[in-house]
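Trainee: Let us go through the labels on this model. I want each one set against its cut-off.

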Amino acid sequence: MALLEVRDLTVNFVRRGERPFTAVDGVSFDVEPGQTVGLVGESGCGKSVTSLAIMRLLAKRGNKVSGSVRFEGTDLLRLSDKDMRDRRGRDLGMVFQDPLSSLNPVIPIGLQITEVLERHRGMSRKAASIEAVDLLDKVGIPDPSRRLTEYPHQLSGGMRQRALIAIALACRPRLLIADEPTTALDVTIQAQILALLRELVQDTGTALIMITHDLGVVAGLCDEVNVLYGGKIVERAQRHQLFAEPRHPYTHGLLASIPRLDAGRGEKLIPIRGSVADNIPWDGGCAFAPRCPNALPVCREVSPRLVPDNGGLLRCHNPVRPAVAAGGGTR
Amino acid sequence: MSNPAAEVLLEVSDLKVHFPIKRGIVIDRTIGHVFAVDGVDLAIRRGETYGLVGESGCGKSTLGRAILRLSEPTAGKVVFDGTDVAALKGEELRKARRRMQMIFQDPLSSLDPRQSVESILLEGMRAHGLDKDEEATQRRLRQLLSAVGLPETSLRKYPHEFSGGQRQRIGIARALSVEPDLIVADEPVSALDVSVQAQVVNLLEDLQDRLGLTYLVIAHDLAVVRHISDRIGVMYLGALVEETDADTLYENPMHPYTRALLSAIPVPDPVVEDTREQILLAGDLPSPANPPTGCRFHTRCPWRQASLCDTDRPQLREIGRGHRVACHYAEDIRDGRIQPHEVEPELIELTGALNPDLGPPDVGTVSEIL
Amino acid sequence: MNTLLNKKKEPIDKLAAAAVGKSLGREALSRMLRSPVAITGGVITGLFVLLAIFAPLIAPKDPFARTLQGEVNLGRGIIPGAQPGFPLGVDDFGRDELSRLLVGAQNTLLVGVLATVIGVAIGIVIGGLAGAFGGWVDTVLMRLVDVMLSVPSLLLAISVAALFAKPSQWTVIIAVSMVGVPIFARLLRGSMLVQRNSDHVLAATSLGVKRGAIVFRHMLPNSLGPVIVQATLTLATAILEAAALSFLGLGDPDPNRAEWGIMLSKGAKQFLDVRPELAYYPAIAIIVVALGFTLLGESLREALDPKNRR
C-alpha cells in the first residue's frame, strides 16, 4: 500500500452567477514512502488546487471536492475537521510559495515553531524551544537561538523559506507537500533551498510532492513526474524517461520551448501556439487540441484516456514518436 | 546579429543612482542611501543585443530606467548616439525619448486599463507629431499589430480582454510605434507562462532582424538572456562584475559570482542535474543600502582571499578579448592556483533594507501611512 | 511569423472572435446589474430621486396649507393623526404630513447633492494638485488636509456653520461640504500617487507624452474610481449631517420649510410626547435613503474592484 493514494480527485469551483469551473479533473497518483513525486504544469493547470485539496485547505464554500485521498489507508476527505487538524502538521506538512504571507507577521518565528511542537508532540514550551533551535540549525539558519525571537519581516526571503520548511518538518511528517517553494526566490537562493530539500528528504525519509512549473527544478529533484494540463494528468513518467523521451505533445512542446543554458545559441526556440486560454473542454475532446502540432480530427471529438505507455502513463491520441523526440526536442 | 565594426550606439560612463533614505516626523531628513547603481560602464553597439543579468537588489532594472531617464541618475553620463541624455532637460529630453523605448515586465500594469489598444498605440505617435496623415497612421497601426502577431480587431479592445502574452505584444507594438533605435526590455518574459515565453522571445528576435533594432535585455533568467544576447553583463549589488560575449560567459566564466550563478540555474535534463558541480553560495544577498566594504561579493565568495578582497573594490578590467572581470584574483582562479573554500553565512538584518529594483523608497511621514 | 493564425486563417484565438471591446466601465455596469445589492440600492435611490423631482405634482395636498389647523390644540396635546385624506396625519400647523415629506424629499436631496458635489469639487482640486506636483506642494496641501481631518466631522461642520452670521440652508450645505473636502482630497491624492508610480505612466513618459497629457489621460481617469464610490457613500452621510445641523438649530430657522432634517428636529424636540410620528416619519425616510445610497456605493466599489476582473 502506498503512503498516499489519490484516486479520481475532482475539484469544482462554483461561484454565484458564473459557470462552474473544474480546476482538477479526475486526478489519480500514488506516492510511496520516501519517494519524490513532481506535479508539473503552468498556471491554471490545477496543480496547486490539487495540493490544497489533499490537505483539505480549500475554502469551506464555493467548491466541491470528490474522489478519495488515502493516506496510510485513511481517506483524508472523509475525516472530520478535528481529525484532519490532528493530521496536518503531524503526518502531513506543507510549504507554500510566498513565505512572507505564509508566516504570521506578528508572532516571532520561534513561537510559530514551538506552537506546532507543543500541539502535535505534546512538548513543554522549554523542550519545544530547544527542539526549535535544533530545527532552525538543521535548515541552515545561522545563529538559530537568536532567530527564535525575531519576526518574519526581519529575515530575508530565503531565510523565511527555510523557517517555513523547519515548521513543516517539525513533527517529522511522513509526507511533505511543497507548492512552488522557490518560485519567488532568487536563483542562487533557490539552489540553496532545493539542495536543502534534497538533503532533508534523504535524511528523514520523508516523501515529497513537489509542485512547480519549472522543469529544471523537476529534473534535479523528482523521482516520478506527473504533467498536468487543464486539470488532468496528461503524462506520467520516471524522471529520466520523461526528459529523454517526452511522449505527450505538450511535454515535448514545453521542453522544446525552454531556452537551455547548455544548448547551442543559434537554434530557435519552438513555441507552443496560442495560450492556456485556447482550449476545448475535456468532455468534447482533448483540451490541448487547439494548440497541438500533432492534432488529429479525433482529438476534437473523443477525449483521450490515460493509458499505460512505456512504463508510465499517457493521455494522447497521437503521441510524439521516439524518433521525432530524439531529433527535435532534446539536445 | 552583432557586427564588431558597427558604431557604438549607447555608452554609459560611471553611472550612479543613489536613492536617499528619508525619515522624519514633520520634515524628512536623509539618513542614508540605497546604492542601487554604483559606478557602471558599458557600451552597446548598434544592432546588437546586450543582456544584463543579476538577482534582486543588483540594480539592473534601475540601470535600465536610469538610461532612459525614467529614474534620475545621481552621477555619470549616458551618451546615446553622441548626446549625453543624462544632461538633457525639458522639451529636448522629451524629444530625445523617442529613440529609446522600454518594454515592461508586467504586461497588465504597463498598459493603461482605461484606454483602448488603438489609443495606446497612437499616444506615442501623437506626442511626436507622427500622426498627421490619417490614412498613413491607420496603415501604421495595422502594420504594428501584424508585426507583433495580433489581429486587426484588437484595436478597439481593452487590455484586460487579452491574455498575458498578447498584452506583452501590445507593449512591444507600443514601443515600436515611435520607431526607436534602442529598446530596453525589462524582464520581458518573466511574467508570462512558460509555453508563451518562447513566442515572445522569438518575436523579439524576428523584430530585431527585420527592423535593425538594438536591445538591452534585463532579466534574472540567465538561460533566456544567453539565448537572445550577443554580449552579457553580470551585475551584483550595483556594479558589473563580468562582461563578455554569451558563449564565453557560459564556457569560461571567470568571476566567482558568475560561476555560482551558472551552477545554480536548474537545467531541464536529469543527467546534467545529477552530474554537474554545484557551487552553493552561503547566506543572503547583502542590502544595497549597506553594501560590504571592498569587493561587494567578498562576504559570500568561495574564493575569497585574506588580502585585498575586503578592503579594495576591484575595477572592471579586461582579461582576454572583450572579456572584462572585476576580481582581484581572476587569473589565479582561472589557472587553478586558488581553490574554493567553505564560507560562513552572514545573516543580514532586514530593518531598513530596501530593494532598489522597486524604485525610490517612499518612506513617508506618519500621516501618509494612514 | 504570425503564430496565432493557423493555415486556414481560422483564429484559434477566442480574442479575434469578438468584434468590439468592452471597456472597464461597461464591464462594471454589467456586474452591477447582476448584483442584488446594487439593484436594491439603485431602486431605493431611483425612487427617491423620482419622488424628489415629481414631489410637487404627486403630493396630495398643498404642503403649506394649514388645513386642519383648527383641530390642533397644543395646549391640550392634540395633533390629529392618520385619517381619511391625511394618511400620515398632520403636523403642528395642520399641514398634511405626507405632502410635506414628499416635498421635503426635494430639499433634502438638494442639500445632500450640493454638499457632496461642492466637497468633491474642492477636494479633487486640492488632491489633484498635490498628486500631480508632489514635492512641497504636496506636503503643504496635505498638512492642511491633516488639520481638517483632525477635527471630528460634526464638530467641523458646526464650526463652519458658526461662521455664518445669518444661518440659512446654505450654511448647512457649505458646512457639510467642508467635511467631505479632506476626505476626497486625500483619496484622490493617494490614487494619483499610486498611478504616478505605475508602469503605464512610466511607459507614457518614456514615449515622450507631455506632462499634462499624462496627468489628464493616464492618472486622473484611473484615480477617480475610489472618489466616485466615496461620493455615493458621502451623499448618505451628508444627508445625515445636514439633518443633525438642522436639529441643532444651525440651519434654516424658517419653520415652514419642508426639509426632513428640520422636520425631524422639530418633531423630536417638541412633539415627542404628543405625536411621536412627526419625528419617526422623517427619521425613517432619512434612514432609508441613506441606506439606498450606501448600498449603491458599496456595490459600485465592488464592481470597480480590479480584483474581481477575471
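Trainee: Which residues in α3(B) meet which in α5(B)?

Mentor: B:V117, B:I120, B:L121 and B:G124 of α3(B) meet B:I170, B:A173 and B:R174 of α5(B). Contact here requires C-beta atoms, placed from the backbone, within 7 Å. By class, that gives five nonpolar, one polar and one charged residues. Nonpolar covers Ala, Val, Leu, Ile, Met, Phe, Trp, Tyr, Cys and Pro; charged is Asp, Glu, Lys and Arg; the others, Gly among them, are polar.

Trainee: What are the ground rules?

Mentor: This is a predicted model: local features need pLDDT of at least 70, side-chain atom pairs need 80 or more, and totals for chains, interfaces and linings use all residues. Residues are numbered from 1 along each chain as written, while chains are lettered from A and ligands numbered from 1 in the order written.

Trainee: Why is α3(B) called roughly parallel to α5(B)?

Mentor: Helix α3 (117-127) and helix α5 (164-176) of chain B have axes that come within 8 Å and cross at roughly 30°. Roughly parallel means under 35 degrees, so the label fits. The axes are lines fitted to C-alpha atoms over the stretch in contact, with angles from 0 to 180 degrees between N-to-C directions. Helices are DSSP runs of H or I, at least four residues; strands are E, at least two.

Trainee: What makes α9(C) and α10(C) oblique instead?

Mentor: Helix α9 (211-247) and helix α10 (260-270) of chain C pack at about 45°, with axes 8 Å apart. Roughly antiparallel is over 145 degrees, roughly perpendicular is 65 to 115, and oblique is the rest. About 45° falls in that rest, so the pair is oblique. In this pair, C:A242, C:A243, C:S246 and C:F247 meet C:W260, C:G261, C:I262, C:L264 and C:S265. That contact divides into six nonpolar, three polar and no charged residues.

Trainee: How do you know that A:G231 is buried?

Mentor: A:G231 has 25 other C-beta atoms within 10 Å. Buried takes 20 or more; 12 or fewer is exposed, and in between is partly exposed. A:G231 therefore counts as buried. It is found in the loop between β9 (224-229) and β10 (232-238) of chain A. Beyond its neighbours within four places in sequence, A:G231 is in contact with A:T22, A:A23, A:V24, A:D25, A:C45 and A:G46. A:V27 is 204 residues away in sequence, yet 7.6 Å away in space, C-alpha to C-alpha.

Trainee: What makes α8(C) largely enclosed?

Mentor: Nine of the nine residues of α8 (199-207) of chain C are buried, so the rest of the structure largely encloses this helix. Its buried residues pack against β6 (100-103), α3 and α5 of chain B, and against α7 (169-196) and α9 of chain C. Just after α8(C), C:G208 takes a positive phi of about 95°.

Trainee: Which residues touch the most other members of the largest nonpolar core?

Mentor: A:A166 and B:V184, out of 273 residues. A core joins buried Ala, Val, Leu, Ile, Met, Phe, Trp, Tyr and Cys residues through C-beta atoms within 7 Å. The largest share of this core, 15 residues, comes from α9(C). A second, separate core of five residues includes C:L68, C:I79, C:F86 and C:V90.

Trainee: How many residues does the contact take from chain B and from chain A?

Mentor: Chain B gives 44 and chain A gives 45. On the chain B side, α6(B) supplies the largest share, seven residues. That side divides into 26 nonpolar, 10 polar and eight charged.

Note on methods:
Contact = placed C-beta atoms within 7 Å.
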